[in-house]
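Me: I'd like a close look at one residue in the model below. Start there, then walk me through whatever else is worth pointing out.

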Amino acid sequence: MMDFQVVVLAGGTAKKLAPLVSKEVPKALLPVANRPVLSYVLELLESSNLKDLIVVVEGEDAALRVGGWISGAYVDRLHVEVAAVPEDVGTAGALRAVAHHLTANDVLIVSGDLVSDVPPGAVAATHRRHGAVVTTLLCYAPVSGPSDTGSSAGKDKVKKSRYNIVGLDPTRQLLLHIAAGAEVEKDIRVQKNILRAVGQLEIRADLMDAHMYAFKRTVLQDVLDQKDTFHSIRQDVLPYLVRTQLRSEISANGLHKVEDNANGRVSSQNYVTWMSQHREIAPSAYQELLALSPRSPENALRTHKCCAYIASKSKYCARLNSIQAFSDINRDVVGEASHLSGYSFSSQNNIIHPSAELGSKTTVGPQCMLAEGSQMGDKCSVKRSIIGRHCRIGSNVKIVNSVVMNHVTIEDGCLVQGSVICSNVHLQERVVLKDCQIGAGYVVTSGSEYKSEPLARK
Amino acid sequence: MDLRRAPRTVIDPKVRQVGFVTPGAAPPPARSHSVATDACSTSPPAPDLSLPGSSISPVMIPPPRHASADGLSSLTRPAAAVHVPASPLRHDTVQIPIGSYNPSEILLGSSPMISPSSRLDAGSEFSDEVPTSAWLSRRGSGKFASSFPASSGEMMAMKTTGGGGGGNTPKSSLTTASVVKTLPGVSEKDGGALIEMQNEGTSKPQKQKTSKAERRAIQEAQRAAKAAAKEAGGVKPSASSGGAIPALKQGKVVKHSPQKKDGPQVTAPVTTSEKKVVDRLPEKDRKKDVPHPRMQFDDKHRVEKAKRRAVVNQSEARNRVELFRHLPQYIHGTQLPDLESKFFQLDPMHPSVCKVGLQYLSGDISGGNARCIAMLLAFKEAIGDYTTPPEKALVRDLTAKISSYVSFLIECRPLSISMGNAIRFLKNRIAKLPHTLSESEAKSSLQSDIDRFINEKIVIADKVIVRHAVTKIRDGDVLLTYGSSSVVEMIFLYAHELGKHFRVVVVDSRPNLEGQALLRRLVAKGLNCTYTHINAISYIMHEVTRVFLGASSVLSNGTVYSRVGTACVAMAAHAFQVPVLICCEAYKFHERVQLDSICSNELGDPDVISMVPGRKYLNHLDNWADNENLQLLNLTYDATPSDYVSMIITDYGMLPPTSVPVIVREYRREHLWI
């Protein structure tokens, strides 16, 4: 398949999403519009004709569950192999574990929590076109949090960490600087030699690393082998490669030479002269200035390219890596990015399964979803919320901006706002929840009121 | 044409000393222009060679060298006795009628301008290159293949051990969660289905077409029948009219039936097949005569057909320029994202071909040589990965494969003439493969052929051109170049290394501004440069002593087909009596004759014309496509008439534009190694 292999990093039971994920529901199986979040990635890949996948899951149990679900849902459609890695090895560790399975020239690494319609082919094509070592997908992060509620300080923090500080060349194709995670807060340090080589560096803070990477396989394996302290792709491997693009250590080992030969390329010496003479891969000032600088051909070999593909603003791209993101994505998938959900919407712009039962004077607003077998009593109101399968909801219940998973019982007179309610939760009468997350199987006693609290079974 | 010719001959200076002429020699008997060109273009090669002594033969060709030793021998051949004219080309007084040459120009192919010592080091330079290429060809594909089975075997082994991998070792096992039931090669099957689908798609219009032909056949048959009826059966119906009678009957039936398109197919299969055979044969003959027509994009049927086959989704521009309707005019900027998003669906393409296509489309690779090399290297890789499917012949299947790659590349960007030549060469090599070769031998022989082509026809040719051209640069010269030509750049750099003192004027034009990159590189190497845009050409031409230009192709009437603007520069230079030297590798020569740049050209993105870099406020032409009365045209190439070209520097030496047909005729076989 174009000499690409695909690795989906599905994660395990992420602690960040604490009350939502559990042993029974690993992160990859969290429902987004009543479908596991992993299905969005798998279907995105399937639509690009990528049908041979390796899914890496943290933890044996989680791997079993994810594997079980995949084999049920994608029989005859995808050829998926699930690998289990120990927990807390990080993304880099997860890749290390499956590195010996990788044989293709390039590897496409996709995070399992990505909900997007950016074609992976675009990233792969950019990668190939530039002959890059790594290409990352950058996208404009979707609007976070409901606009009507005042965003608290905690949300602000979440918002910030979703963005990256990204340095690009004038053509916006080469990735020259990337700061991830905690580094964002610090001062930006731009390397002088890179700046000199490009002439102009554009620093942007409105782009998010979508965690879809195309790596040159040999380089990736090399970095993972050499730097065994690297824990995360996003925070270690990618910044490392970007940092060292002008004094590449990976190619210093004669690795490039071997590659070139293996590719059936001309011998490296000839290749360099051709490159400089005919500027085979010289779109921007970058290459020219590289050629300019008084380097010997050997030095010229010791550079590699890091590229970025910037998805257009019309594409949806989000990662489910926080609770806020979870409710955002759920909202968007039935809202503005409704083509992702794969459901057909009714004329009221909502999805109500025919088997769902609604009491009298109950209204389900637009951008809502009511899955099969759910029952609602009288005089209920549902706005911009997703309700899972086989829920039983009493009368006079108001659900706004919330996600209710499967088999939830909500008794009369409850008010649920901006909350996430996991499976098998029981809300007794007149419970008021605002911005809460209720873990699976929790029972909220009648009349209680909670605000901005995660609740879970001990 | 005559109108254009007449004044030009008046302007034409009779001064043309281009390196073949010994200064003291007496002018040969004058001949008229037309006679000379006739002799060049139409006379078969035999008479020229049979009259070696006569002074009429315009150019004598050195005996064709052996192909394999080509690159080396051209350099190591003993120095010829041609004296290089030291006088400046510009103020020459020797008058020679155009189109005829001094007998002493004989050594056209071997006019080496280098001193023996420099040639020696040239030889050594090449000698270290030759072994590398030899080493290249030796390197088999075994290396490649060996790594894969081993790892896959490992994978299998891991699979069988089951899910006990976790623990402390980072290596983990894969458990297959879901397998597609159609086991061997899902993707292949899908691809097959796709192709079938496409075939179905394409077969439909054919049905339409046949029905059309049928209708015509029926009409003709009816007419014939009518004529026969008028003659009242006096004459016996000939065999053909006898065949037409059943057609007539069936035709009548068809006429009554309401559905026009599908009806005749069912009712009159016999007649159509007969008629088809009759129709097809002369068409085929005609096709043999015509040298492969280029796609005319105002031919709606063919465009429709091509579109259905196309991989790249192209939408036609709204405001098409009427005069250039025969050229593809697409909306630019939509193709690249579209192709990128379909990257994984381009399965039948080899990845490296795909990569090159993307690079063409995005403009990452531009320039004739770079494009040609990139394409050949991609083909080389594709050939390396090629395996002949069962029950197919390598020669045929590989040719078809290459053709499909080529059509993909054409969709990304129209081929340049040099690439066409290279493709012809490759196909020829495939066709000429001895049947005794095994698959791997055939592949490696093709790969080494490609390497040889790149090395001899491009890399070494460039070096030879540089060495020739450097002799034309003297201290104090002001050299002008236009755009960015790789050969011209090499010439300047080489001359600079030789310690010649000269100044370079880089003339550039919007929208590509390739000259800026050239300027940057030249300045970095310490050359004294002036940069200007083409609108200042007549101003700057006063100080220029020589013009060096690159070319995309040189056509057999001496027309230089090159980056748009070249013709303008050449004309200005001509008006100022500045010699124009075109540097072009001989593999870019083409036997086509072209008089203008309209019939064959490439259209660039019209939007880039309206944008002025650094002047964002100049947005008067925003949304110009909405205005139906406005069409923007961004031509890529233009044709410089040979009258404005003083000399063409090629790997066979320096020659006047009138000798191009000789090179094309004499070296064609050698070029393509036919």
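Buried or exposed: which of these does R35(A) count as?

Reply: This is a predicted model, so take what follows in that light. R35(A) counts as buried, because its relative accessibility is 14% and the cut-off for buried is under 20%.

Buried or not, R35(A) has a charged partner. Its side chain makes a salt bridge with E43(A), and the closest N and O atoms there are 3.1 Å apart. E43(A) is partly exposed, because its relative accessible area is 28% and the partly exposed class runs between 20% and 50%. The pair belongs to a network of salt bridges that links R35(A), E43(A), E46(A) and R77(A).

If you want other salt bridges to set beside that one, there are 25 over all chains. One of them joins R331(A) to D332(A), with the closest N and O atoms 3.1 Å apart. In that pair, both R331(A) and D332(A) are buried. Over in chain B, R474(B) bridges to D477(B), and there the closest N and O atoms are 3.6 Å apart. R474(B) is partly exposed, with a relative accessible area of 30%, whereas D477(B) counts as buried at 4% relative accessibility.

Back in chain A, have a look at strand β11(A), which spans residues 202-216. Eleven of its 15 residues are buried, so β11(A) is largely enclosed by the rest of the structure. Several strands pair with it:

- β6(A), residues 106-111, runs antiparallel to β11(A) over five bridges, and L108(A) sits opposite A214(A) of β11(A).
- β8(A), residues 134-140, is antiparallel to β11(A) over six bridges, with T136(A) standing opposite Y213(A) of β11(A).
- β9(A), residues 164-168, is joined to β11(A) by four bridges, again antiparallel; here V166(A) has R204(A) of β11(A) as its bridge partner.

While you're looking at those pairings, remember that side chains in a regular strand alternate between the two faces of the sheet.

Not every residue of β11(A) is tucked away. I203(A), which is found in this strand, counts as partly exposed because its relative accessibility is 39%. I203(A) also helps make a nonpolar surface patch of about 280 Å², together with I188(A), V190(A) and L195(A). Residues need over 30% relative accessible area to be part of a patch, and the 39% of I203(A) is what it brings to that test.

Helix α3(A), residues 90-98, is another enclosed element: eight of its nine residues are buried, so the rest of the structure largely surrounds it. The buried ones are G90(A), A92(A), G93(A), A94(A), L95(A), R96(A), A97(A) and V98(A). Notice the arginine in that list, R96(A), which is buried just as R35(A) is.

Now for some backbone oddities. R384(A) has a positive phi of about 45 degrees despite not being a glycine. You'll find R384(A) in the loop between β18(A), residues 381-383, and β19(A), residues 386-387. R384(A) counts as partly exposed, at 39% relative accessibility. H390(A) is another non-glycine with a positive phi, of about 55 degrees, and it lies in the loop between β19(A) and β20(A), the latter being residues 392-393. H390(A) counts as partly exposed too, with 39% relative accessibility.

Chain B has its own backbone feature: the peptide bond between R510(B) and P511(B) is cis, with omega about 0 degrees. P511(B) is in the loop between β3(B), residues 502-508, and α20(B), residues 514-524. Another chain B loop worth a click is the one between β10(B), residues 637-640, and β11(B), residues 647-650, where S646(B) lies. S646(B) counts as buried at 16% relative accessibility, and its side chain reaches the backbone nitrogen of V580(B) at 2.8 Å.

To zoom out on that chain: chain B has 24 helices and twelve strands, and 46% of its 674 residues are buried. Of the chain B contacts with a separation of 6 or more, 80% come from residues 24 or more positions apart. Chain B exposes about 33700 Å², and carbon and sulfur atoms supply 59% of that.

So, back to where you started: R35(A) counts as buried at 14% relative accessibility, while its salt-bridge partner E43(A) is partly exposed.

Note on methods
Residues are numbered from 1 along each chain as its sequence is written. Chains are lettered from A and ligands numbered from 1 in the order in which they are written. This is a predicted model: local features need pLDDT of at least 70, side-chain atom pairs count only at pLDDT 80 or more; totals for chains, interfaces and linings use all residues. Side-chain values use heavy atoms; hydrogens and water are left out. Patches are made of residues with over 30% relative accessible area and no salt bridge: like charges are joined within 9 Å, nonpolar side chains (Val, Leu, Ile, Met, Phe, Trp, Tyr) within 5 Å. Accessible areas come from the Shrake-Rupley method with a 1.4 Å probe; for residues, only the protein chains shown count as cover. A salt bridge is a side-chain nitrogen of Lys or Arg within 4 Å of a carboxyl oxygen of Asp or Glu. Helices (H or I, at least four residues) and strands (E, at least two) are DSSP runs, numbered from the N terminus. Buried means under 20% relative accessible area, exposed over 50%, partly exposed in between (1.4 Å probe, protein chains only). Contact means heavy atoms within 4.5 Å. A polar contact is a pair of N or O atoms within 3.5 Å; within protein, one must be able to donate a hydrogen and the other to accept it, and residues adjacent in sequence count only if both atoms are side-chain atoms. Two strands pair if DSSP finds at least two bridges between them.
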